[in-house]
Amino acid sequence: TWIVWAFCALNLYVFVKTYGSISYNEWGISAEDVYGNHQGYRLLSYMFVHGGVRHIFYNMISLAIVGRSLIKRVGSVDFAIVYLVGGMLAGICSMTYNIFMCRDTSIPTVGASGAIFAVLGALICDVFMDDAMRYERAYYLKYAVATLILSSLGQNIDIMCHVSGFVAGILLMYLMNMADIIKNDRKYIKSQYAVNSNTSVYRLR
């Protein structure tokens, strides 16, 4: 679980370095900056910038809890992929929503919430794809729904970033699990073919 603490440490480091300064304009995302000014790096940097002590406190607690749970099931590499790719997809959806629904390209978004919700979505997907966890599915689902609702309460909350991150995590985990299933099936078929081939040779003798 070292990678969870590494992400937490990086978030805290950036928060301390930018605390008290207006970091939204430098590191946050908005459609104007990413699409208009072609500053794609913001899709990564915005996940490590937070708007205040309360913001980063709750995000890091959530990351530690949900992140460790996902790593125990899928490992550090898949966790990192979901966190980073899911966070970027959440940012893209948020900006696109602001363009077409809010008609505003300058609305900024910062925080790790989109990435954390991607991790939560991936955890839910992995649990539901595991038959051994069928009796625990209701608990995880209730936790996810409660988290989505509670995180939407308050002012200046980017709900679209939360929801799209959650959906992105589900899709990413589904694709990765299906890729593993296909890979394992191919290995099994090859092993069975090898066994059958050896048996045929033995019978011919």
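Here are a few points to help you find your way around this predicted model.

1. A good place to start is helix α5, which covers residues 53-74 and so has 22 residues. From its first C-alpha to its last it reaches 31 Å, close to the 32 Å expected at 1.5 Å a residue.

2. Do look at which side chains of α5 are covered. I56, N59, M60, L63, A64, V66, G67, L70, I71 and V74 are buried in this helix. An α-helix has 3.6 residues a turn, so residues three or four places apart point the same way. Just after α5 comes G75, with a positive phi of about 95°.

3. Now for the aromatic rings, where the count comes to nine pairs. One of them joins F15 and Y19: the ring centres are 5.2 Å apart and the planes stand at 55°, so this pair is tilted. F15 has a relative accessibility of 10% and counts as buried, because buried means under 20%. Y19, by contrast, is exposed, with a relative accessible area of 57%.

4. F79 and Y83 make another tilted pair, at 6.0 Å centre to centre and with 35° between the planes. Both belong to helix α6 (residues 76-100), and because they are four residues apart there, about one helical turn separates them. F79 is buried, with a relative accessible area of 0%, and Y83 is likewise buried at 0% relative accessibility.

5. Which residues join F79 and Y83 in one aromatic cluster? They are F7 and F48, so the cluster is made up of F7, F48, F79 and Y83.

Notes: Residues numbered from 1 in each chain as written. Predicted model: local features only at pLDDT ≥ 70, side-chain atom pairs only at ≥ 80, totals over all residues. Heavy atoms only, no water. Helix = DSSP H or I, 4+ residues; strand = E, 2+ residues; numbered from the N terminus. Expected span 1.5 Å × (residues − 1). Buried < 20%, exposed > 50% of the residue type's maximum accessible area, 1.4 Å probe, protein only. Phe/Tyr/Trp six-rings, centres within 6.5 Å; stacked < 30°, edge-to-face > 60°.
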